[in-house]
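Here are my notes on the model, point by point. Please read them with the structure open.

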Amino acid sequence: MKFSPQSRVWIYQSDRKLTDQEVQQIQPELDKFATGWTAHNNQLQAKGEVRYNRFFILIVDESQAGASGCSIDKSVHFMQQVQQHLGINLFDRFNLAYRDGEEVLSLPRHDFEAKLKDGSINKQTIVYNNLVQNLTELENKWEVPFKDSWHIQLFRDIVTA
């Protein structure tokens with residue numbers, strides 16, 4: 001399935017890394033949701049995927065049919081069910097993800113701040129911008145150095161040269 005670069009994207013970040021078994025268990029549910037996702041009885045061209053065993057990504061190509069408020073509510077409800085089923089938190093916007101070597105980790109805001117202060121996280125550390133809106137942004141602005149992310153505004157009083 002080919003998606004337009006302007007396809008809408010929603011990212012839900014888990015507060016912990018999922019096991020490979022959990023990802024294998026949930027992917028068929030994501031596929032089933034995406035293939036049955038509708039807006040005003042129109043089938044949405046959609047897909048769902050899990051990246052790095054941590055991020056749930058929903059993509060909708062709105063060139064066919066646009067996601068409506070009701071269809072977005074359906075996706076939120078589905079993600080709440082996933083959250084409950086897996087015993088994870090997908091809705092904590094201040095659980096911040098970053099890359100440490102090959103591993104993707106996440107921390108609550110105050111722990112992230114502590115790592116900034118001790119230098120464990122710096123301006124070059126790759127962080128995840130889960131606020132991206134479309135496929136182009138997902139490909140180009142999702143995994144970015146801290147210095148180029150919205151995170152730097154949140155922690156500007158801490159970050160030094």
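**Notes on the sheet, the cores and the salt bridges**

1. Trp10 sits opposite Leu58, a residue of strand S5. Keep in mind throughout that this is a predicted model. The Trp10 pairing belongs to the contact between S1 and S5, where six bridges join the two strands in antiparallel fashion. S1 spans residues 8-13, and S5 spans residues 55-61.

2. The sheet is open and has three strands, in the order S1-S5-S4. Its pairing is antiparallel. S1 and S4 are the edge strands, each pairing on one side only. From one strand to the next, the twist averages 15 degrees.

3. How many bridges join S4 to S5? There are seven, and these strands run antiparallel. Gln45 has Asp61, in S5, as its bridge partner. Helix H1 lies across both S4 and S5, and its direction makes an angle of about 165 degrees with S4.

4. S1 is an edge strand, yet it is mostly covered. Five of its six residues are buried. In a regular strand, side chains alternate between the two faces of the sheet.

5. The largest nonpolar core holds 23 residues. Trp37, Phe56 and Leu58 have the most contacts inside it. Five elements are worth checking here: S1, H1 (20-36), S4 (45-51), S5 and helix H2 (69-86) each give two or more residues to this core. Another core, of 13 residues, lies apart from it. Its members include Ile11, Ile57, Ala97 and Val132. As a general background, nonpolar side chains in soluble globular proteins tend to be buried together.

6. Is Ser7, in the segment before S1, buried or exposed? Ser7 is buried, because its relative accessible area is 1% and the cut-off for buried is under 20%. A polar atom of the Ser7 side chain lies 2.7 Å from the backbone oxygen of Ser4. Leaving aside residues up to four places away in sequence, Ser7 touches Ile59, Val60 and Asp61, and also Gln133, Asn134 and Leu135.

7. The whole structure contains six salt bridges. One of them joins the side chains of Glu22 and Arg16, with N to O at 2.8 Å. The partners fall into separate classes: Glu22 is buried at 14% relative accessible area, whereas Arg16 is partly exposed at 28%.

8. Which salt bridge links distant parts of the chain? The side chains of Glu143 and Arg99 meet at 3.5 Å, N to O. Glu143 belongs to strand S9 (residues 143-145) and Arg99 to strand S6 (residues 95-100), so the pair spans 44 residues. Glu143 counts as partly exposed, at 32% relative accessibility. Arg99 is buried, with a relative accessible area of 19%; the cut-off is under 20%.

9. Lys147 and Asp148 form a further salt bridge, their closest N and O atoms being 3.3 Å apart. Lys147 counts as partly exposed, at 36% relative accessibility. Elsewhere, Lys47, Glu49 and Arg51 are joined into one network by salt bridges that share partners.

Definitions and conventions:
Residues are numbered from 1 along each chain as its sequence is written. This is a predicted model: local features need pLDDT of at least 70, side-chain atom pairs count only at pLDDT 80 or more; totals for chains, interfaces and linings use all residues. Side-chain values use heavy atoms; hydrogens and water are left out. Buried means under 20% relative accessible area, exposed over 50%, partly exposed in between (1.4 Å probe, protein chains only). Helices (H or I, at least four residues) and strands (E, at least two) are DSSP runs, numbered from the N terminus. Two strands pair if DSSP finds at least two bridges between them. A nonpolar core is a set of buried Ala, Val, Leu, Ile, Met, Phe, Trp, Tyr and Cys residues joined through side-chain atoms within 4.5 Å. A polar contact is a pair of N or O atoms within 3.5 Å; within protein, one must be able to donate a hydrogen and the other to accept it, and residues adjacent in sequence count only if both atoms are side-chain atoms. Contact means heavy atoms within 4.5 Å. A salt bridge is a side-chain nitrogen of Lys or Arg within 4 Å of a carboxyl oxygen of Asp or Glu. Axes are lines fitted to C-alpha atoms, for helices over the stretch in contact, and angles run from 0 to 180 degrees between N-to-C directions.
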